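Below is a walk through one structure, taken a region at a time. Please keep the sequence and the 3D view at hand while reading.

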Amino acid sequence: MHHAYFNAKAELAAAREDMKKQKVDKGYIDRMVALWQERESARAEYCCQVPWQSLPNLPTDELLRIYKKFCVFDYSLWELAVHIELFDPCGEQIITDVCREYAVRLPAADQMTLLTPPEPSILQQEEINIVRIALMSDSEQGKALARHQAEYWWLKSDWAEVVALDEAYFQKRLDIVLAEPEALLREQIQKFEMRGSQLLQSQVDIAHKYGLPPALQSVYYWFRRMAYWRDLRKRAAMINNRYYKLLGQECARRAEIDFSHFCFLMPDEVFDSQLTFSAAFRNELQQRSEHSIYYIDRGGQPVTLAGEEYLAFMKALAHSFNSKFSDIKGMIACKGQVQGHVKIINVPADFDKMKPCDILVAPMTRPEYMPLLRLASAIVTDEGGITSHAAIISRELGIPCIIGTQVATEILSDGELVEVDANRGIIHRLESL
């Protein structure tokens, strides 16, 4: 489990700078996304040139050269995509401030419509593509399924684990869809194809109904594009993590350390060491793998703490941070009010805990959480903003959702009875019945 702490004031200031530019130039975020896509294409092209199957045969300096170049490509992506993070803690405040600036008050339902991207999520694209394959002839299905696997093999990967889905996994999915009536499948495709244009028209109608000024429309456009961008970023990150794992496993083999320990190295430590580590540093890596924290000091330099230093730091952090929270509050992603039992879902190994009508509480949700989200009566997350995965999916499913609580997974307990009041953005702890 990893937790991240950010400077909320610095993020808000940077987010407001983005909003200044977006209000006067609707295309500001489009150019940012286009540049990110250009860099992602360059990264993909480079990866096609790397002899992944031959990494064990390369000289160490060549292996490290590839690793370093890959890190530079990946950093160039995050350098842009980190703009998404700026709005997770303050997106709602930004929108409220801009609406107040233009004396506009929108009903929650209309506001959610304006925030929803017309582009289908990658998960929606994958699901409908399976339906399209099911409607193909038997002779076409084999090649189509192979292309599908090549496109979506990463769907069950997460930040902690790389999972490469094979064709047999998607064949099982296809077999289930093939059992459905053809008329129903065609109806699903029709609804899918109409969704985007209908949503765009609704957004145009809302803007006309309330006379939204162009600057305010540009702000809402920013958040729609950012939600779309977040989905692209997720896919790129999951694919890149597979390459990191291939490189890391080979580096760890040569350095004669566990791959799990290698994952706690900073990139510069890999490059500078030439994969030769002292006994003392190997012990340091062992301590990092048990518990550690990274931060950037005021001089802009990365600092890593492990062992006793980590424990002392976290004790001080818990006192100054968690003690601020008497109630559990967050941002409203989808309104509603329900009671239910908490299930803390930190990692995929926790998935089996989730039962129908439970309240899913997680650091954040990801595409692989979809089966759990369909079971949940409500969703609560530590992280995320109004364009996060949890926010978008909860609105699609009509499930009450509160995001950005910061501390829900730490304060709540498995099985605890709570009330999720997503009309006010508050989670009440109730006495067990």
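A residue is called buried when its relative accessible area is under 20%, exposed when it is over 50%, and partly exposed in between, using a 1.4 Å probe and protein chains only. The model is predicted: local features need pLDDT of at least 70, side-chain atom pairs count only at pLDDT 80 or more, and totals for chains, interfaces and linings use all residues. Residues are numbered from 1 along each chain as its sequence is written, and side-chain values use heavy atoms, with hydrogens and water left out.

Start with helix 10, which runs over residues 214–255. Helices here are DSSP runs of H or I with at least four residues, strands are runs of E with at least two, and both are numbered from the N terminus. The expected span of a helix is 1.5 Å times one less than its number of residues. For the 42 residues of helix 10 that gives 62 Å, and the end C-alpha atoms are 57 Å apart, which agrees. Most of helix 10 is covered, with 31 of its 42 residues buried.

Just after helix 10 comes Glu-256, in the loop that leads to helix 11 (259–262). Glu-256 has a positive phi of about 60 degrees although it is not a glycine. Because its relative accessible area is 65%, Glu-256 counts as exposed.

Leu-247, within helix 10, has the opposite setting: it is buried, with a relative accessible area of 0%. Its contacts, meaning heavy atoms within 4.5 Å, include Trp-52, Leu-55, Leu-63, Ile-66, Tyr-67 and Phe-70, when residues up to four places away in sequence are not counted. Leu-247 and Leu-64 are 183 residues apart in sequence, yet their C-alpha atoms are 8.7 Å apart in space.

Leu-247 also belongs to the largest nonpolar core. Such a core is a set of buried Ala, Val, Leu, Ile, Met, Phe, Trp, Tyr and Cys residues joined through side-chain atoms within 4.5 Å. In soluble globular proteins, nonpolar side chains tend to be buried together. The largest core here has 48 residues, and those with the most contacts inside it are Tyr-67, Leu-247, Ile-257, Phe-262 and Val-270. Several helices each supply at least two residues of this core, including helix 2 (28–49), helix 3 (60–86) and helix 12 (267–273). The largest share, 8 residues, comes from helix 10. Phe-262 touches Tyr-67, Gly-248, Cys-251, Ala-252, Ile-257 and Val-270, again not counting residues up to four places away in sequence. Apart from this core lies another, of 38 residues, among them Ala-15, Leu-80, Met-112 and Val-219.

Helix 7 (138–152) is also among the helices that supply the largest core. Its 15 residues should span 21 Å, and its end C-alpha atoms are 21 Å apart, which agrees. The buried residues of helix 7 are Gln-141, Ala-144, Leu-145, His-148 and Tyr-152. Their cover includes helix 6 and helix 8.

Where is there empty space? A pocket is found on a 1 Å grid over the protein atoms alone, as an open set of points where a 1.4 Å probe fits, with protein on both sides within 12 Å along at least five of seven lines; lining residues have an atom within 4 Å of a point. The second largest pocket is lined by 22 residues, of which Gln-124, Glu-127, Ile-128, Gln-188 and Arg-374 lie nearest its centre. Helix 6 (122–134), helix 8 (167–178), helix 9 (182–210), helix 15 (370–375) and helix 16 (389–397) each give two or more residues to this lining. Helix 6 gives the most, with 6 residues.

Now turn to the loop between helix 4 (91–101) and helix 5 (108–115), where Tyr-102 lies. Tyr-102 counts as partly exposed, at 29% relative accessibility. It touches Lys-23, Pro-213, Ala-215 and Leu-216, not counting residues up to four places away in sequence. The C-alpha atoms of Tyr-102 and Val-270 are separated by 52 Å. Ala-103 is found in the loop between helix 4 and helix 5 as well. Ala-103 is exposed, with a relative accessible area of 71%, and its phi is positive, near 55 degrees.
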